[in-house]
Amino acid sequence: MSLGKKIIFLLFMFVLLVVYSVNSFDYNKSLSESTVKNETSTISNKFELFIKTVNEIKVEILEKFKEKNNEQTPVALVQTEDVIANDEVKEETEEITQEIKTETLNIQVEEEIQVEQEIKEENSPEVIEEKQEPEVDTKIIQEEINTILKDKKIIFERRSTTITKESILAVKDIAKILNKYDSLMVEVAGHTDSRGKASLNKKLSQLRANSVRKALIYYGINKDRLTAMGYGEEFPIAKDDKNGLSLINRRIEFNIVGVK
């Protein structure tokens, strides 16, 4: 019997119970204590039977409800898992599609760059070979350096090894020549006049030669190409006066000593 039919049957039995109780009661008879007890007991038994039947139907309803939920739950879980799986597949597909688009774009860009490079190479003049150093003639280069020193003598601050601002221009000009001919080995020679002690003059000439060498290095000359030597008063090019003074003898020279 189905659940609906059981409920209808139960209601029908309840109605019959009520009708039977009402009709079977004799209102004309005196209500003795024993009669009341018997009637009450009968009604109570029937009511308990009714309650028991209701509880059984209630238990059956709950069990059917649980079975129904248990049957629906796996389906819902499967559906949820299917949705998640579909979303993941969709995301992976989108990522793969994006990677393909990016790779395709990169290939197109590389091809365009390669084509442009080929066009430039075709239209550009022939590649010039690496610049070579001009032919070195040390005599001509030495004369060029000496000419600069005649016009722009290198002098120093009074009682100092600091090159004057005016003389820095001469150092720059000589640095340009030495950068042009980067195989030349050069000696920076310092000279003084004969005034004062020879040992002090030699020391002063060495310090001033060192100062000029540092300036050349600052302007780009490799330090390994340069040496500094102080000769003091050993090699005069003019006669000092009676006091040992000579502006000509106080000088800096640049001597080409070799080609590497």
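Modeller: One definition before we start: angles run from 0 to 180 degrees between N-to-C directions. Also, this is a predicted model.

Biologist: Okay, at what angle does H5 run to E2?

Modeller: Helix H5 covers residues 198-218, and E2 is the strand at 226-232. H5 lies across E1, E2 and E3. Its direction relative to E2 is about 155 degrees.

Biologist: Which strands sit at the edges of that sheet?

Modeller: The sheet is open, with three strands in the order E2-E1-E3 and mixed pairing. An edge strand here pairs on one side only, and that fits E2 and E3.

Biologist: What is the bridge partner of glycine 190?

Modeller: E1 spans 184-191, and E1 pairs with E2 in the parallel sense over six bridges. On the E2 side, the partner of glycine 190 is glycine 230.

Biologist: Are H3 and H4 roughly parallel or antiparallel?

Modeller: H3 (138-151) packs against H4 (165-180) with the axes 10 Å apart and an angle of about 170 degrees. Angles over 145 count as roughly antiparallel. So H3 is, relative to H4, roughly antiparallel.

Biologist: And how many charged residues does the contact of H3 with H4 have?

Modeller: H3 brings Ile141, Glu144, Ile145, Ile148 and Leu149, while H4 brings Ala170, Asp173, Ile174, Ile177 and Leu178. By class there are eight nonpolar residues, no polar ones, and the number of charged residues is two.

Biologist: Which element gives the largest share of the lining of the largest pocket?

Modeller: That pocket holds about 640 Å³ of space and has 24 lining residues, with Arg159, Asp193, Leu204, Arg208 and Arg250 nearest its centre. E1, H5 and E3 each supply at least two of the lining residues. The largest share, five residues, comes from H5.

Key. Residues numbered from 1 in each chain as written. Predicted model: local features only at pLDDT ≥ 70, side-chain atom pairs only at ≥ 80, totals over all residues. Heavy atoms only, no water. Helix = DSSP H or I, 4+ residues; strand = E, 2+ residues; numbered from the N terminus. Parallel < 35°, antiparallel > 145°, perpendicular 65-115°, else oblique. Contact = heavy atoms within 4.5 Å. Nonpolar A, V, L, I, M, F, W, Y, C, P; charged D, E, K, R; others polar. 1 Å grid on protein atoms, 1.4 Å probe; cavity = no way out; pocket = protein on both sides within 12 Å on 5 of 7 lines; lining within 4 Å. Points joined across faces, edges and corners; volume = space filled by probe spheres on them. Pairing = 2+ DSSP bridges.
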